[in-house]
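Let's take a walk through this fold together. Keep the coordinates open and follow along as we go from one piece to the next.

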Amino acid sequence: MKRAIRKPSAASAEVVCQLTPLQGLAEASSESGDGWVCRNDDPQFKVNFPRGGTLAQPGWLRLEYDFVCDEPTVHQLYPDFGQGYTPETVVTRNVEHSGSVQLIFHSQGGLAGVRLDPAMHQVRFAIRNVRLRWSQHLSAAAQESGDAGLDEYAFQPLKEVRGEAEGDFEWQSLGTDPCLRVVRAGRDVALKAGWYRCSVNVAYERERQLAKVYFDPGSGFSERDVVALVLSSGEPTERLVYLPQGSRALRFDPQERKGRFRIEKLSFIPMAARLAISECLERLLEAGEVSGSLSPDALQAELASSAAAQGISLAELLNRRYQESFAEPTRSLDYDNWIEEVEASFLPSPEEMAARLRALEKRPVISVIVPVYNPDEALLRACLDSVKRQSYPHWQLCIADDASPAPHVRTVLEAYRQQDSRIKVAFRGENGHISAASNSALALAEGDFVTLLDHDDLLAEHALAFVAVAVNEHPEASIIYSDEDKVDEAGQRFDPHFKSDWNPDLLYSHNYVSHLGVYRRDLLDRVGGFRQGVEGSQDYDLLLRCLPYVDHRQVVHIPRVLYHWRSVMGSTAMSSSQKDYTWAAGLKALKEYFARHQPEGVVVGKGPVANTYRVTWPVPAPAPLVSLLMPTRDRRDLLEVAVRSILERTAYQNYEILILDNGSELEETLAFFDRIQAEDPRVRVLRYDYPFNYSAINNFGVHHARGSTIGLINNDVEVIEGDWLDEMVGHVCRDDIGCVGAKLYYSNDTIQHAGVILGLGGVAGHSHKHFARDHSGYFHRLLLTQNLSAVTAACLLVRRSVYERVGGLDEENLRVAFNDVDFCMKVADAGLRNLWTPFAALYHHESVSRGKEDSPEKIQRFSREIEYMRERWGEVLDHDPFYSPNLTRDYEDFSISSR
């Protein structure tokens with residue numbers, strides 16, 4: 001048993017300490033024998049007290065020593081109060097030069113040990129005269145100087161905040177953008193370039209709030225240099241951050257609404273680069289942001305290569321990806337507000353729901369099948385109770401226990417069976433895994449429809465009622481699905497998935513349908529129920545096997561959150577990368593679907609992130625001639641880059657380029673026309689000497705084109721990878737596909753085009769505009785092939801027969817703007833699906849050669865085109881089937897709607 005060393009009764013005392021190296025240190029020769037060399041980025045000393053034991057008396061403790069080093073270093077002191085060395089109690093100092101160092105901390109008593117980390121990089125140094133001073137009190141000057149640690153900050157109101165003198169809170173937010181200046185000793189807090197661990201703890205009136213820390217690198221505060229954190233009241237939250245230029249000042253925005261709060265802690269602890277990078281890589285892998293099969297070293301190498309291609313450092317790219325991995329929790333705070341302010345307003349009262357159900361012409365029995373294996377008792381009861389509490393009474397609960405070894409499972413299921421005659425239970429004699437157990441539950445089903453429920457998930461109160469309403473509104477429905485969210489073990493809802501309506505190509509990319517999934521029982525009988533051998537993706541396999549027996553009108557999406565997916569450790573709800581076997585099972589199911597029902601040559605492989613897939617469609621033989629139409633007026637600098645990048649980098653060879661010259665005058669442009677036609681017979685220049693009319697120019701080009709496939713291409717694009725045209729041709733030759741669009745980047749490697757969303761800004765806008773090139777997007781949609789209402793004509797392929805069938809571009813009403821959106825909507829009206837692929841990528845300098853819409857004539861013309869689009873497509877523009885009504889129409893970022 002350790003002895004307790006009590007300090008004398010005097011107001012202060014001092015003991016001399018010895019240092020013992022723990023790791024990362026080797027003795028170096030020096031005259032005084034106190035020289036050391038750091039062998040890695042995490043050197044550690046143990047500070048030995050005289051006679052061992054603990055320091056029992058509370059008070060202020062000051063570790064002092066003389067330090068000699070030719071370089072600036074960061075020193076960290078870790079006190080151990082019986083819980084080990086933890087980051088929560090660390091004291092950090094930047095040591096600029098040789099001299100005396102003091103590290104001060106407060107002890108409540110029972111100090112068991114102290115660890116000293118004298119640097120965060122490999123360096124030579126000497127350390128001597130180590131002593132520990134104790135005192136009952138610390139001078140105000142010492143505290144104000146920051147000697148008590150980096151987290152001793154003060155805050156000065158900047159905007160919409162004032163001090164709160166009453167109650168448990170110190171501050172009052174007066175609006176939606178309260179801002180505090182972070183100071184120490186009355187001056188701005190500056191941080192050097194490097195990695196930091198940011199720790200924040202704020203007490204709020206409400207449970208959770210979004211807080212932001214802004215860093216000023218010298219150009220002022222902006223959204224480029226910010227860390228956003230979802231804080232639970234009174235609970236510490238940590239986040240790493242990399243500051244490539246350091247920070248001259250800090251700003252803290254504690255919340256985004258009115259209310260009172262108290263700041264418990266704000267600190268920034270310098271981190272060794274090696275440790276910070278390791279932690280960021282681990283976060284990316286655990287969060288499912290990359291393939292779960294990658295090792296940390298492989299991921300680091302991949303990111304280093306990507307960073308080099310973008311002209312930035314690995315640390316900058318890694319920090320960006322790391323911060324983006326927390327986007328869902330941030331969005332979940334918006335979701336809290338959406339639940340309270342939007343969802344609640346659209347939910348019927350009990351009386352309203354009862355009246356609505358009485359008015360239903362059909363009241364189908366819905367069988368809820370639940371395969372059970374060894375769930376937590378409380379979570380199992382919550383699951384079953386969520387069915388019992390349904391406002392719709394015509395349900396049947398069909399449970400199959402898959403030989404659970406835990407005795408509570410049978411006890412609970414027997415009890416629930418006795419409570420309600422609608423509950424049926426089968427106890428399997430041996431464990432057969434989830435497909436076999438699901439089939440056992442399905443064998444109990446007697447309802448017209450069957451819905452799937454996992455043994456620890458929850459149904460929303462009105463889930464089955466809204467399914468019954470959908471059955472009445474869509475009597476042809478065979479498959480019904482809803483939006484969903486996740487719920488943690490404490491019952492907190494988060495991470496909502498607001499889904500597209502029926503989107504076959506997105507389904508081929510991942511199982512976006514998922515929960516709530518409802519099927520006609522006779523359809524499940526027809527396909528033979530669940531298939532063994534695809535456990536982990538058995539629901540995906542079931543859906544794929546149903547597709548040949550339904551058409552798109554029989555698949556109905558309910559845009560309401562009707563299913564709460566339990567997020568517990570080890571579940572795919574927690575992180576898709578935690579169940580790699582689900583990826584393999586899904587890949588098997590998709591490959592077998594295409595082998596049975598699609599043309600030969602379709603290649604199915606893993607997608608860019610866990611549980612996603614890439615389907616590559618074959619180019620027909622012989623390969624069709626593609627006519628790439630490129631309108632232009634002068635700007636040889638842009639045009640030549642576009643043309644030569646196609647000629648020099650495109651792997652697909654059967655194409656022609658038609659440069660549609662709309663009045664070029666510069667000699668250098670005309671000379672380029674002559675030169676490029678002489679160099680390559682696939683290039684032709686056609687004169688169009690009429691006023692600019694983008695629609696008419698392209699219709700003119702189609703008339704002169706020789707190809708069976710038309711490509712609308714801007715003169716300011718640049719090919720990035722050679723297989724772009726193979727990818728697009730493979731899709732456009734599919735009988736059910738109309739227009740095919742590409743992924744376009746601005747020259748700064750942010751997203752310019754990832755498909756068009758109807759209704760954004762009134763008419764249409766671009767999906768994920770200005771997102772980083774390597775961002776995965778909303779539920780990975782920036783990485784996945786999918787159907788969309790429209791794609792931009794900056795790079796669009798369509799079969800010539802389709803182009804001519806719908807009458808081409810509208811050269812009368814849409815001479816400049818929205819002609820591509822209108823064209824795509826006409827193609828969709830003709831019964832074809834438009835498609836966007838991220839696997840055809842080009843740069844695009846948007847409308848550089850045409851100029852801005854800033855003259856009175858252009859503004860008037862643009863207004864007329866908006867008016868025409870609203871008149872012709874108004875109802876469709878307001879209800880894009882590939883974009884959820886629960887997402888914003890004001891921005892292009894897939895954020896949650898506030899109304």
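Which elements do the buried residues of α17 pack against? Bear in mind that you're looking at a predicted model. The buried residues of α17 touch three strands, β36 (626-632), β37 (655-661) and β39 (709-713), plus two helices, α19 (800-805) and α20 (819-829). With partners like these, it's worth looking at the helix itself. Helix α17 spans residues 694-704, and 8 of its 11 residues are buried, so it's mostly covered. The buried set starts with a run from the beginning of the helix: Y694, S695, A696, I697, N698 and N699. G701 and V702 complete the list.

Next, find helices α13 (residues 538-546) and α14 (residues 580-597). Two packed helices are described by the angle between their axes and the distance between the axes. Here the axes come within 9 Å and cross at roughly 10°. Because an angle under 35 degrees counts as roughly parallel, α13 is roughly parallel to α14. Which residues of α13 and α14 meet? On the α13 side they are Y540, D541, L544 and R545, and on the α14 side G586, A589, L590, Y593 and R596. An α-helix has 3.6 residues a turn, so residues three or four places apart point the same way. Keep that in mind while you look down each helix. As for chemistry, the residues of the contact of α13 with α14 divide into 5 nonpolar, 1 polar and 3 charged.

Now for the sheets. Start with the one whose strands run in the order β3-β6-β12-β9-β10: it's an open sheet of 5 strands with antiparallel pairing. Its edges are β3 (18-23) and β10 (91-95), each of which pairs on one side only. Ignoring direction, neighbouring strands here are turned by 25° against each other on average. Zoom in on the β10 end, and you'll see β9 (residues 73-80) pairing with β10 in the antiparallel sense over 5 bridges. Within that pair, T73 stands opposite V95 in β10.

There's another open sheet to visit, with 5 strands in the order β15-β16-β24-β19-β22 and antiparallel pairing. Which strands sit at its edges? They're β15 (161-163) and β22 (237-243), and each pairs on one side only. From one strand to the next, the twist averages 35°. Inside the sheet, β16 (residues 171-173) runs antiparallel to β24 (residues 259-271), and 3 bridges join the two strands. One contact to pick out is Q172, whose bridge partner in β24 is R260. Helices pack on this sheet too. Helix α2 (residues 273-286) touches β19 (194-204), β22 and β24, and its direction makes about 60° with that of β19. Helix α4 (residues 314-324) touches β19 and β22, and its direction makes about 150° with that of β22.

Last stop: the cysteines. How many disulfides are there? The count comes to 0. Take C383, which is in no disulfide: the nearest cysteine sulfur belongs to C398 and is 13 Å away. C383 is also buried, with a relative accessible area of 0%. What about C824? Its nearest cysteine sulfur, that of C739, is 3.8 Å away, and C824 is in no disulfide, because a disulfide needs the two sulfur atoms within 2.5 Å. C824 counts as buried as well, at 0% relative accessibility.

Technical notes. Residues are numbered from 1 along each chain as its sequence is written. This is a predicted model: local features need pLDDT of at least 70, side-chain atom pairs count only at pLDDT 80 or more; totals for chains, interfaces and linings use all residues. Side-chain values use heavy atoms; hydrogens and water are left out. Buried means under 20% relative accessible area, exposed over 50%, partly exposed in between (1.4 Å probe, protein chains only). Helices (H or I, at least four residues) and strands (E, at least two) are DSSP runs, numbered from the N terminus. Contact means heavy atoms within 4.5 Å. Two strands pair if DSSP finds at least two bridges between them. Axes are lines fitted to C-alpha atoms, for helices over the stretch in contact, and angles run from 0 to 180 degrees between N-to-C directions. Angles under 35 degrees count as roughly parallel, over 145 as roughly antiparallel, 65 to 115 as roughly perpendicular and the rest as oblique. Ala, Val, Leu, Ile, Met, Phe, Trp, Tyr, Cys and Pro count as nonpolar, Asp, Glu, Lys and Arg as charged, and the others, Gly among them, as polar.
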